[in-house]
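Hi,

Here is the structure I promised to pass on. Have a look at it first, and then read on for what I found.

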Amino acid sequence: MNFKENKTVYSSNSKSNNKIALTFDDGPHPKITPKILDLLSKYGIKATFFVIGVNIDNYPEPLGRIVSEGHEIGNHTNSHTILKSVDKMKIFEEIKHCEDKILKATGVQPKVLRPPCGMYDEELVDIANLKDYKIILWNIDTHDWAHMSKSKIINSVYKEVKGGDIILFHDYISGENHTIEALEVLIPMLLQNGYEFVTVSQLLQY
Ligand SMILES: [Zn+2]
């Protein structure tokens with residue numbers, strides 16, 4: 001995880017001026033994902049959802065909305081396996097199974113991959129290159145998964161945000177979850193400050 005970013009691995013794009021990318025990991029969730037989609041739609045903004053294959057099995061419905069409302073779907077593996085600690089066959093399988101489920105549910109081939117916990121190695125970079133995926137990390141972590149309070153989530157973004165940032169949230173969290181209440185404050189605040197919300201692939205075009 002310490003080697004230099006190359007054309008496959010991205011955690012921000014400083015060339016994108018005022019554009020930022022909200023990313024939501026670990027879904028789809030039957031209740032939270034639709035609520036986040038409602039909020040994004042209220043403000044007419046776009047985001048990226050890094051979904052897990054086994055959650056697609058259980059709650060496929062939000063996937064159609066994610067795509068039809070103009071958001072991006074990314075691959076977050078089939079079972080949230082740490083790809084750094086498994087062999088090549090298992091890496092291929094984890095990526096492929098999630099990809100097949102996304103394709104089946106939406107007809108869309110994902111182009112971005114977020115390794116669980118952001119952990120990757122050169123083997124994964126090689127495989128991502130081979131399969132034409134970009135590996136997407138982040139440069140602002142809200143730690144919302146650790147049941148952070150609404151104000152802590154807001155502050156973690158607001159005190160650091162700048163154009164080109166990729167911000168990590170979760171739409172699937174077991175237990176207490178303040179992601180949506182934080183977003184209800186953050187989105188209008190960031191819009192007022194002139195930020196434009198785009199998908200990860202759009203952010204990387206600049
Ligand atoms: Zn995750």
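Helix α4 has 19 residues, which at 1.5 Å a residue should span 27 Å, and its end C-alpha atoms are indeed 27 Å apart in this predicted model. Its buried residues are I91, E94, I95, C98, K101, I102 and A105. Seen down the helix axis, these fall within an arc of 130°, so they line one face of α4. On the face turned away from that buried side you'll find the exposed residues K88, M89 and K104. The cover over the buried residues of α4 includes β3, α2 (53-58), α3, β4 (72-75), β5 (112-113) and α5 (122-130). Right after the helix comes G107, with a positive phi near 75°.

One residue there that I'd click on is E94, which sits in α4. Is E94 buried or exposed? E94 counts as buried because 25 other C-beta atoms lie within 10 Å, and the cut-off for that label is 20 or more. Leaving aside neighbours within four places in sequence, E94 is in contact with T77, N78, S79, T81 and L83. For a sense of scale, E94 and A182 are 88 residues apart in sequence and 32 Å apart in space, C-alpha to C-alpha.

Now for α1 (residues 32-43). Its 12 residues should span 16 Å at 1.5 Å a residue, and the end C-alpha atoms are 17 Å apart, which agrees. I32, T33, I36, L37 and L40 are buried in this helix. Looking down the axis of α1, the buried residues fall within an arc of 135°, so here too they line one face of the helix. D38 and K42 are exposed, on the face turned away from the buried side. What do the buried residues of α1 pack against? The answer is β2 (19-25), α3 (61-68) and α7 (179-192). G44 follows α1, and its phi is positive, near 60°.

That brings us to β2. Of its 7 residues, 6 are buried, so this strand is largely enclosed by the rest of the structure. The pairings of β2 look like this:

- With β8 (residues 166-170), β2 pairs in the parallel sense over 5 bridges; T23 has L168 as its bridge partner in β8.
- With β3 (residues 48-51), β2 runs parallel and is joined by 3 bridges; F24 has F49 as its bridge partner in β3.
- With β9 (residues 196-197), β2 pairs in the parallel sense over 2 bridges; I20 has F197 as its bridge partner in β9.

On to the core. The largest nonpolar core has 53 residues, and A21 and I167 touch the most other members. Helix α4 supplies the largest share of this core, with 5 residues. As general background, nonpolar side chains tend to be buried together in soluble globular proteins. As for I167, once neighbours within four places in sequence are set aside, its contacts are I20, A21, L22, T23, W138, I140, T142 and V157.

Last, the confidence. Mean pLDDT for the protein is 95, and 97% of its residues reach 70 or more. The stretch to watch is residues 1-5, where pLDDT is below 50; beyond near neighbours in sequence, that stretch has 4 contacts in the model.

Cheers

How values were computed: Residues are numbered from 1 along each chain as its sequence is written. This is a predicted model: local features need pLDDT of at least 70, side-chain atom pairs count only at pLDDT 80 or more; totals for chains, interfaces and linings use all residues. A nonpolar core is a set of buried Ala, Val, Leu, Ile, Met, Phe, Trp, Tyr and Cys residues joined through C-beta atoms within 7 Å. A residue is buried if 20 or more other C-beta atoms lie within 10 Å of its own, exposed if 12 or fewer, and partly exposed in between; C-beta atoms are placed from the backbone. Helices (H or I, at least four residues) and strands (E, at least two) are DSSP runs, numbered from the N terminus. Two residues are in contact if their C-beta atoms, placed from the backbone, lie within 7 Å. pLDDT is the predictor's confidence in each residue, from 0 to 100. The expected span of a helix is 1.5 Å times one less than its number of residues. The arc is that of the directions from the helix axis to the C-beta atoms. Two strands pair if DSSP finds at least two bridges between them.
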